[in-house]
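The exercises below each set a task and then work through it step by step. Have the sequence and the coordinates open while reading.

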Amino acid sequence: MMKMNYFVLGTNNLEASTKFYDSLFEQTEFCQVLSTERMTFWQGEDEDSAFAVAIPFNKEAATNGNGTMVGFGVGSTDEVKRLHKKAIELGGTCEGEPNQRGPRFSAYVRDLDKNKIAFSN
């Protein structure tokens, strides 16, 4: 069996990005578990998976990927709405208001580095 075990988004400002995700994850199961001068990691209940932001190893500017997105499954439509609103309050930008899309209720935002993230239930 193969499953994803981590996802890393690039950042040009680790301090600002870490504050963004610490605040965004405040009322979720994701907790910061490690931070270095180049990378910050968060984990949820599944210790075999992690989310991170990092200054690129090659020291070139971090850029968002066109068509690249990380999705977070959350427990309810209310949580989708709350996280979308929170991300916007933290300086993120809207990429899709909370709404029913196919079988899932979802919302889309971009973080401070313009990385696209999705919340769905």
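**Exercise 1: the hairpin of strand 6 and strand 7**

Gly96 stands opposite Tyr108 in strand 7. The model is a predicted one: local features need pLDDT of at least 70 and side-chain atom pairs pLDDT 80 or more, while totals for chains, interfaces and linings use all residues. Residues are numbered from 1 along each chain as its sequence is written, and side-chain values use heavy atoms, with hydrogens and water left out.

Task: state in which sense strand 6 and strand 7 pair, and over how many bridges; then place Glu95 in this setting.

Solution.

Step 1. Strand 6 (residues 93-101) and strand 7 (residues 104-110) are antiparallel, with 6 bridges. Strands here are DSSP runs (E, at least two residues) and helices are H or I runs of at least four, both numbered from the N terminus. Two strands pair if DSSP finds at least two bridges between them.

Step 2. The hairpin has 2 residues between its strands, and Gly102 takes a positive phi near 60 degrees there.

Step 3. Glu95 belongs to strand 6. Its relative accessibility is 36%, so Glu95 counts as partly exposed; buried means under 20% relative accessible area, exposed over 50%, and partly exposed in between (1.4 Å probe, protein chains only).

Step 4. Leaving aside residues up to four places away in sequence, Glu95 touches Tyr108, Val109, Arg110 and Lys116, where contact means heavy atoms within 4.5 Å. Glu95 and Arg110 are 15 residues apart in sequence, and their C-alpha atoms are 6.6 Å apart. Their side chains are joined by a polar contact of 3.2 Å. A polar contact is a pair of N or O atoms within 3.5 Å; within protein, one must be able to donate a hydrogen and the other to accept it, and residues adjacent in sequence count only if both atoms are side-chain atoms.

Step 5. Lys116 lies over the face of Tyr108, at 5.3 Å from the ring centre. The criterion is NZ of Lys or CZ of Arg within 6 Å of the ring centre and within 35 degrees of the ring normal.

**Exercise 2: the four-stranded sheet**

Task: give the strand order of the open sheet of 4 strands, and say which strands stand at the edges.

Solution.

Step 1. The order is 1-4-3-2, with mixed pairing. Strand 1 and strand 2 (31-35) are at the edges; each has a single partner strand, so one side of each is left without a neighbour in the sheet. From one strand to the next, the twist averages 25 degrees.

Step 2. Strand 3 (residues 39-43) and strand 4 (residues 50-54) pair in the antiparallel sense over 4 bridges, with Phe41 opposite Ala52 in strand 4. Helix 1 packs on the sheet and touches strand 1, strand 2, strand 3 and strand 4; its direction makes about 10 degrees with that of strand 3. Axes are lines fitted to C-alpha atoms, for helices over the stretch in contact, and angles run from 0 to 180 degrees between N-to-C directions.

Step 3. Strand 2 and strand 3 are also antiparallel over 4 bridges, and they form a hairpin with 3 residues between them. Gln32 has Trp42 in strand 3 as its bridge partner.

**Exercise 3: aromatic pairs at Trp42**

Task: classify the pair of Tyr21 and Trp42 and the pair of Phe25 and Trp42.

Solution.

Step 1. The structure holds 12 aromatic pairs. Rings of Phe, Tyr and Trp (its six-membered ring) pair if their centres lie within 6.5 Å; planes under 30 degrees apart count as stacked, over 60 as edge-to-face and the rest as tilted.

Step 2. Tyr21 and Trp42 are 5.9 Å centre to centre with 55 degrees between the planes, a tilted pair. This pair links Tyr21 in helix 1 with Trp42 in strand 3, 21 residues apart. Tyr21 is buried at 0% relative accessible area, and Trp42 is buried at 1%.

Step 3. The ring centres of Phe25 and Trp42 are 5.8 Å apart and the planes are at 75 degrees, so the pair is edge-to-face. Phe25 lies in the loop between helix 1 and strand 2, 17 residues from Trp42. Phe25 is buried too, with a relative accessible area of 4%.

Step 4. One aromatic cluster includes Tyr21, Phe25 and Trp42, along with Phe20, Phe30, Phe51, Phe72 and Phe119.
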